[in-house]
There are 2 protein chains.
Amino acid sequence: MRSDTKTRILKAGAGIVLQKGFFNTGLAEVLEKAKVPKGSFYFYFKNKEDFGLQLIDLFAGYLASNAQGFYLNEKLSPLEKVRNLFKWQAESFQKSDFKGGCPIGNLSLEMGDRNPAFRKKLNQVFVDLKKNLAKQLEQAKKVGELSEEIDVEETTDFIFNSWEGTLMQMKVSKSLTPHEVFDRMIFEKLLDKSRFNKNIIRRTSR
Amino acid sequence: MRSDTKTRILKAGAGIVLQKGFFNTGLAEVLEKAKVPKGSFYFYFKNKEDFGLQLIDLFAGYLASNAQGFYLNEKLSPLEKVRNLFKWQAESFQKSDFKGGCPIGNLSLEMGDRNPAFRKKLNQVFVDLKKNLAKQLEQAKKVGELSEEIDVEETTDFIFNSWEGTLMQMKVSKSLTPHEVFDRMIFEKLLDKSRFNKNIIRRTSR
């Protein structure tokens, strides 16, 4: 079962890389954890870089599927889906004692300067995750949860970038507070429709 | 000149650590770059951890003094000081082809899980930098640049956390765009006084 073994190697690698970073992860350690005979690595991967790039795909798929779990929940409004997704991520991070964090963000800072192929692929993962988030904000506009004045692309970018910094601060402070601040500032201030409505009310009453 | 040599070691270390991370920085390489005889390291530092902790002090001093350069500029209003500081940081980052980035942020993701003493010290640096930023926002409130309704502590936290994520995204995308988005969202949306003023106008006109 070639593909099963490969997946097992990647999954074992994911756990170790999230803990130690990519550069310091030894292949022998990954293969031992995956219970795959040493030496068979090159049957599945061209080299460590190829392994790393495929690992990014695994992480990206994991993040996208977590997000889809919320985006496809028809019981929630578009903004509730997004807000709950961030809350769930924050609480999951807390459950792991704020260890690890966003694999794509961590690898970006660790490998961004070291390896252009990694950097480009990591950037593409962010672009794709942002696209899916933007769709939710578009939907929120359609159902009237968000003001028409919101620039979805720029707002999505900002929310996403802020979130990566929020995860970093949760990690370094070992606290949920950065998420709580993010949650209030994004959903009760920046996206708060009433702040825009006031604007509209003023305009129409002129 | 004991203290000069020590500073030279720390400064040499700063450049290498910003490039390669702390864990992968070899002491021999640092001493060679500092032109200090191998073996004399332990005259200045207890161990590599002690060196790393003192390196964080160096980075923190550097960041704080950059900020002070803007905060003490009496030609600028409080909000202009803050806005220009971020712009300058973004443009400096661009000049280095988005290599390196925020040393405190990078070390937080790299060392946060590995070394509790590092994590605590890095967190304290963030707390201190935020305090100085908060003073500027308080000042902006006093001179009427910011709405009275702004919660300075929470807003400072959010701006700062968002900035760390913005730096990460500049690095991974090798682009100034994340700064441009941050600049508009923070200074033209989140802190925009007119959005709050509308609020006040509405209230008083009831």
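# Close-up views of chain B and its contact with chain A

**Helices α5(B) and α9(B) are roughly antiparallel to each other.** The term roughly antiparallel applies to angles over 145 degrees (under 35 is roughly parallel, 65 to 115 roughly perpendicular, and the rest oblique). The axes of α5 (residues 78–95) and α9 (residues 177–190), both of chain B, cross at roughly 170° and come within 10 Å. An axis is a line fitted to C-alpha atoms, for helices over the stretch in contact, and angles between N-to-C directions run from 0 to 180 degrees. On α5(B) the contact uses Arg83(B), Phe86(B), Lys87(B) and Ala90(B), and on α9(B) it uses His179(B), Phe182(B), Asp183(B) and Phe187(B). Residues are in contact if their C-beta atoms, placed from the backbone, lie within 7 Å. Four of these contact residues are nonpolar, one is polar and three are charged. Here Ala, Val, Leu, Ile, Met, Phe, Trp, Tyr, Cys and Pro count as nonpolar, Asp, Glu, Lys and Arg as charged, and the others, Gly among them, as polar.

The model is predicted: local features need pLDDT of at least 70 and side-chain atom pairs count only at pLDDT 80 or more, while totals for chains, interfaces and linings use all residues. Residues are numbered from 1 along each chain as its sequence is written, and chains are lettered from A and ligands numbered from 1 in the order in which they are written.

**Helix α5(B) also meets α7(B).** Their axes come within 7 Å and cross at roughly 145°. Pro78(B), Leu79(B), Lys81(B) and Val82(B) of α5(B) face Leu133(B), Gln136(B), Gln139(B) and Ala140(B) of α7(B) in this contact. By class, the residues are five nonpolar, two polar and one charged. Helices are DSSP runs (H or I, at least four residues), as strands are (E, at least two), numbered from the N terminus.

**Helix α4(B) has the span expected of it.** Its 24 residues (48–71) should span 34 Å at 1.5 Å a residue, and its end C-alpha atoms are 34 Å apart, which agrees. The expected span is 1.5 Å times one less than the number of residues. Phe51(B), Gly52(B), Leu55(B), Ile56(B) and Phe59(B) of α4(B) are buried. A buried residue has 20 or more other C-beta atoms within 10 Å of its own; 12 or fewer make it exposed, and counts in between partly exposed, with C-beta atoms placed from the backbone. An α-helix has 3.6 residues a turn, so residues three or four places apart point the same way.

**Two residues in loops of chain B have a positive phi without being glycine.** Asp97(B), in the loop between α5 and α6, has a phi of about 60°. Asp97(B) counts as exposed because it has 10 C-beta neighbours inside 10 Å. Lys174(B), in the loop between α8 and α9, has a phi of about 45°. With 16 C-beta neighbours inside 10 Å, Lys174(B) is partly exposed.

**Chains A and B touch through 41 residues of each.** On the side of chain B, α8(B) gives the largest share, 14 residues. That side has 13 nonpolar, 15 polar and 13 charged residues. A turn of 180° and a shift of 0.0 Å along the axis lay chain B on chain A with an RMSD of 0.0 Å. The two copies are thus related as by a two-fold rotation axis. Copies are superposed by least squares on the C-alpha atoms of residues with pLDDT of at least 70 in both.

Technical notes: Contact = placed C-beta atoms within 7 Å.
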